[in-house]
Amino acid sequence: MASPDKARPDDRTPADLMPVLHTAGILGDRALDDIRARVARGEYPSAPDALADRLVRDQLITAYQAKRLLAGKAYGLVVGRYVILDRIGSGSMGRVYKAHHQMMDRVVALKIIAPEIASNERVVARFQREMKLVGRLDHPNVVRAFDADRANRVLYIVMEYVQGESLGDRLKRGPVPAPEMIDYAAQAALGLAHAHAQGMVHRDVKPSNILVDQDRKVKILDLGLGVLMEADDGATFATADGIAVGTVDYMSPEQALGKDVDGRSDLFSLGCAMYHLMTGKLAFPGASPIDRLGRRINNPPVPIVEHIPDFPAAAQRVLDKLMAFKPQDRYANATEASEALQALIRPRARKPAPAPPAEPAPPPAQAPSAPTVPAPPSYPRWFKPLAAMAAGRPGLLLAATLAAFALTFAAGAAVGYLVK
Ligand SMILES: Nc1ncnc2c1ncn2[C@@H]1O[C@H](COP(=O)(O)OP(=O)(O)OP(=O)(O)O)[C@@H](O)[C@H]1O
Ligand SMILES: [Mg+2]
């Protein structure tokens, strides 16, 4: 199996598209028979260009597949159980394709590691070890990996396909406004925190490995592939696919010096990526990769206010802490870094105050309590009308009582007088 884009010297437009289509293996037997029958009946044109156009229009093949078939390149359009639909991009490690898993009817991104790298057995062994860890990652800010394999010497990794744009591509349209970038970095730090918690260090955090989807959700790319650079002692990355390694611009000093790295190295890289994305300039500039590496080992970054004079001091402090030379001067972990970044854009969203010491459980929730009214004494039934009058009209009751006394007194006096 060959990498889909390797040109062959004998490439030429085929006289008949059907054998190439058959060899490509991108359509099932029934679909091929149907196309043949339509060509025979004259419903489909037989000329290769016209037939390819028609198949694209009827969504039986993609424009990318058509282009390759017309160039006579039938090979490489099927990788393992995946049919290549389109080419997405390429980098120092290989090429990324949009692909389709037929049985699961799932569109994925498939990264084929450059053959120069995949032929290094040390790299392959490292890849296989790392993919076991990558398979465990499950976080909204990390691109999910579904599958990884080596089929006929083609080493590939299959990922969730994210409709969006990498920040590397975004930068080509100009710098990213600081508040937007700080939000992306806070999300990226959460994704990194998840990977770090699984014992993985990214080692290659850079704008092209940070994807932003249509809802502005960030997804970290290429986790588990950073170690391949280290396993590649033959330095084929520098030449793979003819593209020079660009990662030195975001590399931490300890990584550049070949020391052991932990999650704090990724924080340094995230800071460098943020700096570059907000300013369009490198934090550690220099004429050559060696100059730029040397600069981060011997000098602090160029103050960001040289590029953005009104850059807020609080944000500058966070950025400086991310890019501190010594790992112990950076945030202790990516979760802390994410919180510091979030606090810049949502300053009032403070951490909740520590919970007070445990107290007895509150009584079950009730309707807001009404002002307490003492329960009425239990009077005999005959006295209740009087009691009610005493409560409601005390003056009237007093007058009635006095009148009753006066009447009783007068009646007594009258009886006494008569008896005499
Ligand atoms: N899962 C994915 N979903 C959608 N697009 C992707 C996915 N993975 C990669 N891409 C796209 O493919 C492009 C190429 O990715 P690739 O990782 O090969 O390049 P890179 O990051 O520039 O280089 P490197 O090989 O050093 O990582 C990316 O810029 C991105 O736009
Ligand atoms: Mg990448």
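The shell around ligand 1 divides into nine nonpolar, eight polar and three charged residues, a handy place to start with this predicted model. The protein has 420 residues, 35% of them buried, and its secondary structure comes to 16 helices and nine strands. Among contacts with a separation of 6 or more, 64% are between residues 24 or more positions apart.

**Around the ligand**

- In total, 20 residues surround ligand 1, and the closest are Gly 89, Gly 91, Met 93, Ala 109 and Ser 208.
- Three elements each give two or more residues to this shell: β2 (82–90), β6 (154–160) and α7 (167–171).
- Of these contributions, the largest share is that of β2, with three residues.

**The sheet**

- Here is the strand order to trace on your screen: β1-β2-β3-β4-β6-β5, six strands in an open sheet with antiparallel pairing.
- At the edges are β1 (78–79) and β5 (145–151), each of which pairs on one side only.
- Inside that order, β4 (residues 106–113) and β6 run antiparallel and are joined by five bridges.
- If you want a landmark for this pair, look at Ile 112, which stands opposite Tyr 156 in β6.

**Helix α3 and its two sides**

- Four residues of α3 are worth picking out as a set: Pro 48, Leu 51, Ala 52 and Leu 55 are buried.
- They lie on the same side of α3 because the arc they cover around the axis is only 100°.
- Turn to the other side of α3 and you will find Asp 49, Ala 50 and Arg 57, which are exposed.
- The cover over the buried residues of α3 includes α1, α2 (29–41) and α4.
- Gln 59, just after α3, has a positive phi of about 60°.

**Helix α4**

- The buried residues in α4 (residues 63–70) are Gln 65, Ala 66, Arg 68 and Leu 69.
- Their arc around the axis is only 165°, so they sit on the same side of α4.
- Among the elements that cover the buried residues of α4 are α1 (17–24) and α3 (48–57).
- That makes the arrangement easy to follow from either helix: α4 helps cover the buried residues of α3, and α3 helps cover those of α4.
- After α4 comes Gly 72, with a positive phi near 75°.

**Two arginines with positive phi**

- As background, most residues other than glycine have a negative phi.
- Arg 203 has a positive phi, near 75°, and is not a glycine.
- You can find Arg 203 in the loop between α8 (178–197) and β8 (210–213).
- Arg 203 counts as buried because 22 other C-beta atoms lie within 10 Å, and the cut-off for buried is 20 or more.
- Arg 216 is also not a glycine, and its phi is positive at about 65°.
- This residue, Arg 216, lies in the loop between β8 and β9 (218–220).
- With 11 other C-beta atoms within 10 Å, Arg 216 is exposed, since the cut-off for exposed is 12 or fewer.
- Buried or exposed, what are the two arginines? Arg 203 is buried, whereas Arg 216 is exposed.

Technical notes:
Residues numbered from 1 in each chain as written. Chains lettered and ligands numbered in written order. Predicted model: local features only at pLDDT ≥ 70, side-chain atom pairs only at ≥ 80, totals over all residues. Near = placed C-beta within 6 Å. Nonpolar A, V, L, I, M, F, W, Y, C, P; charged D, E, K, R; others polar. Pairing = 2+ DSSP bridges. Arc of directions from axis to C-beta. Contact = placed C-beta atoms within 7 Å.
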